[in-house]
Every structure is written in structure tokens, then in C-alpha cells.
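Hi,

Here is the structure I said I would pass on. Have a look at it first, then read my notes below.

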Amino acid sequence: MRGQDVFLDGIKMTYPNGFTAVHETDLTINAGEFFSILGPSGCGKTTILRMISGFLDPTAGAISIGGVRMNGIGPNNRPTALIFQNLALFPLMPVWENVAFGLEARGVPKAKRRKRAEELLELVALYGQADKMPTELSGGQRQRVAVARALAVEPAVLLLDEPLSALDLKLRQHMRAELKEIQRKTSVTFIYITHDQGEALAMSDRVAVMNEGRIEQVASADDIYNRPQTAFTATFVGEQNVFTGKVTSAVGNEVAVETGQGTLYGVNRNDLAVGDEALVMVRPERIGLLNGEAGDPEKMAKLNTLSARLQRRDLEGALINLYLTAGENDIHVNMHNTGDDAPFSDEIKLAFRHRDTVIMRPGSIARDRA
Ligand SMILES: Nc1ncnc2c1ncn2[C@@H]1O[C@H](COP(=O)(O)OP(=O)(O)OP(=O)(O)O)[C@@H](O)[C@H]1O
Ligand SMILES: [Mg+2]
């Protein structure tokens, strides 16, 4: 098996009722890449996948796979296989026949189908389960049968629509590693749809964050989390403390924003200029407590500081969550439990590094977080 690249050139989908589920989108997915599309319910993820697989014709634009234009080519004649959001195995067929189902339609003789099914079952770590019925398998095993079945037709591109959503958390986490391993072994291009950020960040070479029919950012998991480019990406993936203000200086790499909590500094990745409205964001785990001791002045110069009042302290085990307020702002701090359980004072001085402070133009803030 070998992966192929997928090229979306200005594709758009307006449903017959007039609703545009996907606005004009350009996207290149590389051959052999594990690529995820992450976004809230209803943002258009399944619509994009159905256009790539050929079950839905785009209203505008073109799709190419492996350099071949797919317009007018039906799903059965595309080098793709789709694993649906609500997968169903055939309940009355043993596992191996489920896997080999697509091969029968292609006229492959029975002995060869059986052999191929066994190879694929080995690939998905289900060796020796060929003669079981689907009801005799666990949820995770059934999911792996679905993956084997999709791979049986040797697709160059495997499209997976929230394939783990029916599984419980522990199994989902286990299956992440399994899917990643299957992808590595086959080097098939995986396009993986999910609204679970942990899944997308853990498995993918690159992630596209989608909101209301538009792709907001395409980047590596690290860039999506640490260097988000839009307010939506910043707030949909992980959690942020958000301050609003106006840019008062933008010199070189650094930008300063006057907020209700004083001037906060960050790296100017989004080309902000003096006078611009801005959002200043910092993640709960990037905020520390300042103990009042005089720190290294060099280091101190690179810290944003603010005073906050402690409202609640929740012990979560390895982590402690502090919920504070500073003026109008609610602030969440998430820190390691170091075993020092001395009570916190009511007034706490917080600090976070300039480099951990993300500053950008105002934009839609994610409500329905992943
Ligand atoms: N056949 C259709 N006709 C009209 N609107 C549709 C149709 N199918 C989907 N939509 C709308 O298009 C939008 C995108 O739907 P889509 O199924 O692509 O979302 P999704 O991102 O996959 O969501 P989920 O995570 O809930 O599966 C939604 O607002 C949905 O209501
Ligand atoms: Mg969907």
C-alpha cells in the first residue's frame, strides 16, 4: 500500500437548502501524512470528507488525488476508503468476511480473500480472530475490524470520520496508538476527523482547525497549541485566560498591550501595530506563582505579572487548579502538585513569561471547546 496526496482547490459546498457548510477551501494533504481535521460539531468536517470520498459533489472547486482530478469520478473508482462516523459491521458475517467484503465485490476468489483478510487482521493486531462473529469482539476490536475492512481495497487515502467516538475514554486512548501504528506500517494517507483535540494533537503530523465552514489554521500539533494564529484556534484547542486591550507599542518582535490588568507583553507573531485592538492569552499551565523574592532581574524583565484574588483551589491529584479573579477577569491556573500543601494566601501574585503570552487580533472565541 502507498499513500497519495490530496489537493483541494477552492472547494465549496452549498446544500440544496441554500446553507453553505464549507466555504471556498484550499488545502494540500501530503502523501503518507496523518492529517486531522479538528473542529466543533456542525463545522463542516464530514462534508469535506464526503466530498473527498466522492459521495458528495462540491458546488465549486476541484479535488485531485495523486495528481488526478476527481470531478465526476464516483466513490468506488476513487483511491479512497471511508470509515463512517457510526461504523457498522455486518452482524451475521464472521470477522474475516467483514474484512474481505470489498474484495468479493471485486471478484477475488474465496481462498485469496481469506488469506488477505488474515494478513490484514494481523496488521490491526487481531490475528486469530478471523472466525469470530462481530458480537464476540470488544468495541476496540470491532473498530480495528472496520479499519482492516477499509484497508482491504488497498486505498491510497483512508478517510476516518470520528472512528473512535463510540468507544470509552481508555479504549480511545489505546486505539490512538494503534491507528498511528497502522498508519506508519501502511504509509497510507490518513485523513482523520475528530472534535477531540487530544486525539488530533496526539496522532497527527498536521492538524487543520475548522470553524463554521472555514479552515482557521493548518499546522503541526505543537504550532496549533503553542503558536495559534486565530482567536478561535487559540481557544478551541486547550484552555486560555483571555485579556482584552489595545496595542501601545510594537517594536521588533515584541508587542505591548494595555489591558485592565496593566501592560502585558508578548511575541508579535500576528503583525499587530500600535492602536490595534488585541486579545492577550495565556494558558493555565503557563502561569506561575510569584513568591515575592527578588528574582533574577534579567528573567523578571521577561515576565508579565498581575495580582489576583484566590476564589477556589481544587486538588485533582497530580495537578492543582486555582480559580482566581483580577478585576473583571477570571483566571485559571493549573499547576503541578509539588506536595507543598501550605494554604495559599488570598492575594496572589501571578507571573507568566512573555514567550508564553499569545497576542492576536480579536476574533471568535470558541464556546464549545474540544
Ligand atoms: N444534507 C444537508 N442539507 C443541509 N445542511 C446540511 C446537510 N448535511 C449537513 N448539513 C449542515 O452542514 C453543516 C456541516 O455538517 P457536517 O456534517 O459536515 O458537520 P460536522 O463537522 O461533521 O459535525 P459533527 O462533528 O457533528 O459530525 C451543519 O450545520 C449541518 O447541519
Ligand atoms: Mg461529522
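Before the notes, one term: two strands pair if DSSP finds at least two bridges between them. Strands here are DSSP runs of E with at least two residues, helices are runs of H or I with at least four residues, and both are numbered from the N terminus.

Some ground rules too. This is a predicted model, so local features need pLDDT of at least 70 and side-chain atom pairs count only at pLDDT 80 or more, while totals for chains, interfaces and linings use all residues. Residues are numbered from 1 along each chain as its sequence is written, chains are lettered from A and ligands numbered from 1 in the order in which they are written, and side-chain values use heavy atoms, with hydrogens and water left out.

**The antiparallel sheet**

Let's start with Arg-309, since it has a bridge partner on two strands. In β17, Arg-309 is matched with Thr-325, and in β19 its bridge partner is Glu-347. Arg-309 belongs to β16 (residues 303-315), which is joined to β19 by 7 antiparallel bridges. On the β17 side (residues 319-326), β16 pairs over 6 bridges, again in the antiparallel sense. β16 and β17 make a hairpin with 3 residues between them, and Gly-317 in that turn has a positive phi of about 110°.

Zoom out and you get an open sheet of 5 strands, ordered β15-β19-β16-β17-β18, with antiparallel pairing. β15 (288-289) and β18 (329-336) each have a single partner strand, so one side of each is left without a neighbour in the sheet. For β15, that partner is β19 (residues 347-353), and 2 antiparallel bridges hold the pair. One spot to click on is Gly-288, which stands opposite Ala-351 in β19.

In case it helps: strands of a sheet pair through backbone hydrogen bonds, either parallel or antiparallel.

**The mixed sheet**

Which order do the strands of the other open sheet follow? There are 6 of them, in the order β6-β7-β8-β3-β9-β10, and the pairing is mixed. The edges are β6 (80-83) and β10 (214-219); each has a single partner strand, so one side of each has no neighbour in the sheet. From one strand to the next, the twist averages 15°.

β6 and β7 (residues 157-161) run parallel and are joined by 4 bridges. Within that pair, Ile-83 has Leu-160 in β7 as its bridge partner. Two helices pack on this sheet, where contact means heavy atoms within 4.5 Å. Helix α4 (residues 139-151) touches β6 and β7, and its direction makes about 160° with that of β6. Helix α5 (residues 169-186) touches β3 (34-38), β7 and β8 (189-194), and its direction makes about 160° with that of β8. (For these angles, axes are lines fitted to C-alpha atoms, for helices over the stretch in contact, and angles run from 0 to 180 degrees between N-to-C directions.)

**Hairpins around β12**

β11 (residues 241-251) and β12 (residues 254-259) are joined by 6 antiparallel bridges, with Lys-246 opposite Glu-258. They form a hairpin with 2 residues between them, and Gly-252 in the turn has a positive phi of about 55°. β12 then forms another hairpin with β13, with 2 residues between them. That pair, with β13 at residues 262-267, is antiparallel over 6 bridges; Ala-256 is matched with Tyr-265. β11 also runs antiparallel to β14 (residues 277-282), with 6 bridges.

**Ligand 1**

How many residues surround ligand 1? The shell has 14 residues, and the closest are Ser-41, Gly-42, Lys-45, Thr-46 and Thr-47. A residue counts as near when one of its heavy atoms lies within 4 Å. Helix α1 (residues 45-53) gives the largest share of the shell, 3 residues.

Oxygen atoms of ligand 1 make polar contacts (pairs of N or O atoms within 3.5 Å). An N or O atom in the side chain of Lys-45 is 2.8 Å from one, a polar side-chain atom of Thr-46 is at 2.7 Å, and one of Thr-47 is at 2.6 Å. Taken alone, ligand 1 exposes 640 Å², and the protein buries 66% of that (areas by the Shrake-Rupley method with a 1.4 Å probe).

Enjoy exploring!

Key
A polar contact is a pair of N or O atoms within 3.5 Å; within protein, one must be able to donate a hydrogen and the other to accept it, and residues adjacent in sequence count only if both atoms are side-chain atoms.
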